Amino acid sequence: MVGVAWLLASAAAAQDMPRVRHTIQALTAPAMYGRGYVQQGEHKAATYLRKRFQQLGLQPLAPNYTPPFTLDVNTFPGVLEVRARSNCLFGGSRRFQPGIDFIAEPNSGGGRVVGRRIPFDTLVFTNAAARRQWLATDLRGRIVTIPSRQLARLQAPTFTDDSLRASLEAAAVRLALVPQKLTASLSAEQVPQIRLQLLADRWHELLPLLDVHVEASLKQQYQTQNVVGYILGRVQPDSFLVVTAHYDHLGQMGRQVYFPGANDNASGTAMLLELAAHYARPENRPAYSIVFIGFGAEEAGLVGSRYFVEHPLVPLRRIRFLLNLDLLGTGSEGATVVNGREFPAQFQVLQRLNEAQRAIPNLAARGRAANSDHFPFSESGVPAFFLYTRGGITAYHDVHDRAETLPLTAFSTLFDLLRTFLDALQLPRK
Ligand SMILES: [Zn+2]
């Protein structure tokens with residue numbers, strides 16, 4: 001049964017879902033190239049965000065709202081091909097699709113290698129003769145395929161057989177066969193070896209001849225930016241609440257494929273813009289100043305938020321609370337609050353508001369985690385939550401994280417919850 005409080009909460013959901021959809025559509029569009037480091041996708045996304053800040057009348061906290069910083073990042077801007085064929089003239093062949101069938105590992109090198117694949121011998125772990133024979137094989141210039149589970153075993157810190165590890169390093173191509181899903185990431189480094197992940201069920205044993213061609217480009221001192229605006233507080237302007245969401249994502253991989261990053265994190269960026277739109281209205285002007293930060297280079301290892309903490313644009317000790325929004329596109333199973341256990345008083349406020357509003361079915365507190373941009377702040381003594389929604393979709397760091405399939409289940413009610421939470425963190429209103 002639907003209670004009265006639920007109806008009231010629904011009726012009060014004031015923010016504009018068509019506008020939210022539009023924001024997510026814009027950030028995930030092909031013109032943004034996945035908001036990464038190929039075709040200046042991250043610049044295009046930052047320009048979009050800056051224009052929205054301007055339209056809302058937020059004050060810039062840096063020239064043009066966009067304090068720059070640099071990072072090193074490995075990219076795949078060109079050819080990305082894996083083909084397999086049989087060794088008989090009339091056998092079949094297959095061209096694997098980048099993004100769908102395979103991806104480059106973050107630190108992969110580039111090059112072209114053609115040849116018969118060498119399957120990793122899984123007996124090396126248990127059989128001394130197999131191990132000897134494997135170590136005697138010259139893998140230089142060769143393509144080795146290895147189940148990702150065996151690769152993880154070799155790479156585990158507790159695994160001490162360095163010669164086995166080194167043997168695999170000698171191969172020209174390491175093709176890991178991954179069971180369920182491909183998960184992309186970014187790296188600041190590039191290794192000489194070509195490293196790919198291929199979905200195991202797309203693999204074809206009967207096509208042992210491989211042609212692998214990868215163009216990799218390590219961009220050094222690449223200039224990107226955060227996007228920072230604020231609304232001046234009405235009562236105590238030198239106290240700050242900070243709302244953050246990273247706008248960057250994994251970018252493009254190869255010539256055709258890009259990672260849209262609808263849930264990660266067009267959704268959080270859209271929520272940040274909705275909260276900014278709310279507090280920008282004269283009748284909603286906050287008691288404390290509220291800073292809105294779109295972080296760059298989160299996916300490259302929290303680079304933008306670490307930079308901000310090292311070069312703060314407001315004194316960190318004046319930040320009363322920071323709310324980081326990342327992965328807000330679902331919610332059928334509720335939401336998790338990282339640091340909820342570190343700051344129980346604030347979590348209780350959020351919990352009570354959620355109970356009153358019935359915004360989301362379940363609000364779970366967890367401890368510290370270095371999994372998004374709140375982390376550099378809370379490690380520097382700034383009280384901070386990172387809130388993400390759960391349920392609905394499994395797309396994550398892959399080409400399937402698309403706007404069209406993002407349910408936005410709890411977005412509207414979550415907006416009200418976060419707005420009332422931010423209100424509750426301020427002085428009593430006059
Ligand atoms: Zn991510």
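Me: In which helix is the place of Asn 265?
Reply: In this predicted model, a cis peptide bond joins Asp 264 and Asn 265, with omega at about 5 degrees. Asp 264 lies in helix H7, which spans residues 262-280. The place of Asn 265 is likewise in helix H7.

Me: Which residues coordinate the zinc ion?
Reply: The coordinating atoms lie at 1.9 to 2.4 Å from the zinc ion. Along the chain, the donors follow the spacing D-x34-E-x97-H. Glu 299 appears twice, through OE atoms, beside an OD atom of one residue and the NE2 atom of another. The residues are Asp 264, Glu 299 and His 397.

Me: Why is the arrangement of the four donor atoms around the zinc ion irregular?
Reply: Four donors would count as tetrahedral if all angles lay between 85 and 135 degrees, and as square planar if opposite donors were over 155 degrees apart and all others between 65 and 115. The four donor atoms here subtend angles that make the arrangement irregular. Those angles are 56 to 142 degrees.

Me: How many residues apart are Asp 264 and Glu 299?
Reply: This pair of zinc donors links distant parts of the chain. Asp 264 is in helix H7, whereas Glu 299 is in the loop between strand E16 (288-295) and helix H8 (303-310). Both residues are buried. Their separation along the chain is 35 residues.

Me: Is His 397 buried or exposed?
Reply: His 397 is in the loop between E20 and helix H11 (411-424). Its phi is positive, about 50 degrees, although His 397 is not a glycine. A residue counts as buried under 20% relative accessible area. With a relative accessible area of 7%, His 397 is therefore buried.

Me: In which loop is Asn 339 found?
Reply: Asn 339 is not a glycine, yet it has a positive phi of about 80 degrees. Because its relative accessibility is 2%, Asn 339 counts as buried. Its position is the loop between strand E18 (335-338) and helix H9 (344-357).

Me: Which are the edge strands of the open sheet of eight strands?
Reply: The order of this sheet is E1-E12-E16-E13-E17-E20-E18-E19, and its pairing is mixed. An edge strand pairs on one side only. The edge strands are strand E1 (59-60) and strand E19 (363-366).

Me: Which residue in E20 is the bridge partner of Leu 323?
Reply: Strand E17 covers residues 319-325 and strand E20 covers residues 384-389. The two pair in the parallel sense over four bridges. The bridge partner of Leu 323 is Phe 385.

Me: How many residues of strand E9 are buried?
Reply: Side chains in a regular strand alternate between the two faces of the sheet. On one side of E9 are Ile 194, Leu 196 and Leu 198, and these are buried. Arg 195, Gln 197 and Leu 199, on the other side, are buried too. The number of buried residues in E9 is six of six.

Me: Which strand runs parallel to E9?
Reply: Strand E5 (residues 102-104) is joined to E9 by three bridges, and these two run antiparallel. There, Phe 102 stands opposite Leu 198. A further six bridges join E9 to a strand in which Leu 175 stands opposite Leu 196. The strand that runs parallel to E9 is strand E8 (residues 173-178).

Me: What distance separates the C-alpha atoms of Leu 177 and Ala 166?
Reply: Leu 177 lies in strand E8. At 13% relative accessibility, Leu 177 counts as buried. Leu 177 and Ala 166 are 11 residues apart along the chain. Their C-alpha atoms are separated by 19 Å.

Me: Which strands give two or more residues to the lining of the largest pocket?
Reply: About 180 Å³ of space lies in the largest pocket. Its lining includes Leu 80, Glu 81, Arg 95 and Phe 96. The elements that give two or more residues are strand E3 (80-85) and strand E4 (93-96).

Me: How many charged residues are in the lining of the largest cavity?
Reply: The largest cavity holds about 100 Å³ of space. It is lined by 15 residues, with Asn 74, Phe 76, Leu 186, Leu 250 and Gln 252 lying nearest its centre. Nine lining residues are nonpolar and six are polar. The number of charged residues is none.

Methods. Residues numbered from 1 in each chain as written. Predicted model: local features only at pLDDT ≥ 70, side-chain atom pairs only at ≥ 80, totals over all residues. Heavy atoms only, no water. 1 Å grid on protein atoms, 1.4 Å probe; cavity = no way out; pocket = protein on both sides within 12 Å on 5 of 7 lines; lining within 4 Å. Points joined across faces, edges and corners; volume = space filled by probe spheres on them. Nonpolar A, V, L, I, M, F, W, Y, C, P; charged D, E, K, R; others polar. Donors = N, O, S within 2.8 Å, 3.2 Å for Na, K, Ca; no water. Tetrahedral: all angles 85-135°; square planar, octahedral: opposite > 155°, others 65-115°. Buried < 20%, exposed > 50% of the residue type's maximum accessible area, 1.4 Å probe, protein only. Pairing = 2+ DSSP bridges.
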